[in-house]
Amino acid sequence: MTTLPRELDLLIVPRWIVPVVPHGQVLENHALAVHQGRIVGIVPVASANALTPRERRDLPNHVLIPGLINAHGHAAMTLFRGLADDLPLMTWLTDHIWPAEGRWVNADFVRLGTELAIAEMLRGGTTCFSDMYFFPDVAAAAAADAGIRAQLCFPVIDNPIPGARDAAEAVAKGLRLRDEMRHNALISVAFGPHAPYTVGDETLGRIRTLADELDMPIQMHIHETAGEVADAVAQTGMRPLQRLQQLGLLGPRLQAVHATEINDEDLALLVEYGVQLIHCPESNLKLASGMMPVQRLLDSGLNVALGTDGAASNNDLDMLGEMRTAAMLAKIVSGAPTALDAHSALHMATLAGARALGLDEETGSIEVGKAADVTAVDLSGLAQQPLYHPVSQLLYTCNASQVSDVWVAGRSKLRDGQLIGIDTQSILQQARSLAELIAKGDTHES
């Protein structure tokens, strides 16, 4: 048994702890001991009562889980939430989102949108997120200021984008950001080539070389729609994954987002190279992009993480809701009600996300030695009663509103449903003012 220091920074005493490792375990009447930002023990409450923590947080109706990990999104796009709903993907992009980005996106936009997203994510129990959007240095600063864990994927496209005149400048700025964040324990940096259809072979080859040299992850939208795959075959004679294999990009550092169109040959490549997969079910459903064959991928031994995508196509950043959608969708796609059970869905939203982002030694499960990134969910509500199985209730009856407390690296970010150190009123006021201007410039008919 681990010997605990007599004095601790924090002792959290919930009704249940679901550590995720080992899989399927639920601990009742145990306490989590935290010191200097890390988990130092999980002990029975009777033993915990002898400890003298600087702070003790009793949560008698709550389940404590690892902090949720949103493995893919575009944080600043919260400011486009609901701007152009119920449209096909390419119409949505080319007629509304891309024009709006061209007109409105600058460093101030990204700062405000990212702050709004971070507030929403922390309020919903997310302690780590991956972001792929313009001005990643600004988003990194917002994440660092908020004290939330983040992977910043700097976008690379073979066209000018906000903040970079071309792919070479985007890469140079992204690598500079990596150097600047090297000593920040909460922030990591990855390549973010947008998609196979927006980034050419030369740029992808350079990214592969740099990623190999620097041991950096690569996150990319891949096989998002049947149309994308068909267009690629028509233009190159290859499916996108085949092309990426020829370019040397497939491997455990590649984070493939969406992957709704996976045939037998695609699956064989994913398994051979150990590619990380990130599922965004609600965005895919809303845009009718397709459905990832999650259970088939899991049965093949692949790691599948969970993301919300951006709020412009979801329209929320609620990872508990995303878990439930993922579970329901996996069942109908596979034709099996046993697909993606409650514990597996929680694993997807926590440790699988950490593994996809290369952070599983630091976060994603409640284990001694890991960072104290944890979330408490109140299961005392009407919709949670009667309560037979806490993890099932967590998955099938809860959403962000049941999250009461959040800690990142042992620091309280949400207490009794109230954000700490974030001026939500200022963020909301600025967002509403900007939205009035954005709405006037959009031609979408509601």
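**Annotated sites, internal cavity and local backbone geometry**

The UniProt record, an unreviewed entry, lists His72, His74, His221 and Asp309 under "binding site". In the predicted model examined here, these residues are spread over 238 residues of sequence yet cluster in space, with a largest C-alpha distance of 12.0 Å. Two members of the set, His74 and Asp309, belong to the lining of the largest cavity. His72 is placed in the loop that runs between β6 (68-70) and α2 (89-104).

Under "binding site", the unreviewed UniProt entry also lists Glu101, His194, Glu224 and Asp309. Of these residues, Asp309 is included in the lining of the largest cavity. Glu101 is located in helix α2, the helix before which the loop carrying His72 ends. Asp309 is thus named in the one listing and in the other.

The same record, again as an unreviewed entry, carries the annotation "domain: Amidohydrolase-related" for residues 63-411. Within the model, the C-alpha atoms at the two ends of this span lie 18 Å apart. The secondary structure of residues 63-411 amounts to 43% helix and 16% strand.

The search for internal voids gave one cavity of 30 Å³ or more. The volume of the largest cavity is about 40 Å³. Its lining is made up of Asn70, Gly73, His74, Ala75, Met121, Phe129, Ser130, Asp131, Thr308, Asp309 and Leu317. Among the elements of secondary structure, strand β7 (residues 126-131) gives the most to this lining, contributing three residues. When the lining residues are sorted by class, four are nonpolar, five are polar and two are charged. The annotated residues His74 and Asp309 therefore take their place in a lining of mixed class, as the assignment of residues to classes shows.

Helix packing was examined for α3 (residues 107-123) and α4 (residues 136-146), whose axes come within 9 Å and cross at roughly 35 degrees. The crossing of α3 past α4 is right-handed. On the side of α3, the contact involves Ala107, Val110, Arg111, Thr114, Glu115 and Ile118. These residues meet Val138, Ala139, Ala141, Ala142, Ala143, Asp145 and Ala146 of α4. By class, the contact comprises nine nonpolar residues, one polar residue and three charged residues.

The backbone shows two cis peptide bonds that precede proline, described in turn below. The bond from Val21 to Pro22 is cis, with omega near 0 degrees. Pro22 is situated in the loop between β1 (7-17) and β2 (27-28). Val20 is found in that loop between β1 and β2 as well. The phi angle of Val20 is near 75 degrees, a positive value in a residue other than glycine. A cis peptide bond also joins Gln385 and Pro386, where omega is about -10 degrees. Pro386 lies in the loop between β14 (374-378) and α15 (390-397).

Conventions: Residues are numbered from 1 along each chain as its sequence is written. This is a predicted model: local features need pLDDT of at least 70, side-chain atom pairs count only at pLDDT 80 or more; totals for chains, interfaces and linings use all residues. Side-chain values use heavy atoms; hydrogens and water are left out. Axes are lines fitted to C-alpha atoms, for helices over the stretch in contact, and angles run from 0 to 180 degrees between N-to-C directions. Helices (H or I, at least four residues) and strands (E, at least two) are DSSP runs, numbered from the N terminus. A crossing is left-handed if the near helix is turned anticlockwise from the far one by less than a right angle, and right-handed if clockwise. Contact means heavy atoms within 4.5 Å. On a 1 Å grid over the protein atoms alone, a cavity is a set of points where a 1.4 Å probe fits but cannot get out, and a pocket is an open set with protein on both sides within 12 Å along at least five of seven lines; lining residues have an atom within 4 Å of a point. Grid points are joined across faces, edges and corners, and a volume is the space filled by probe spheres set on the points. UniProt positions are given in the numbering used here, feature names are shortened, and annotations may be inferred rather than shown by experiment.
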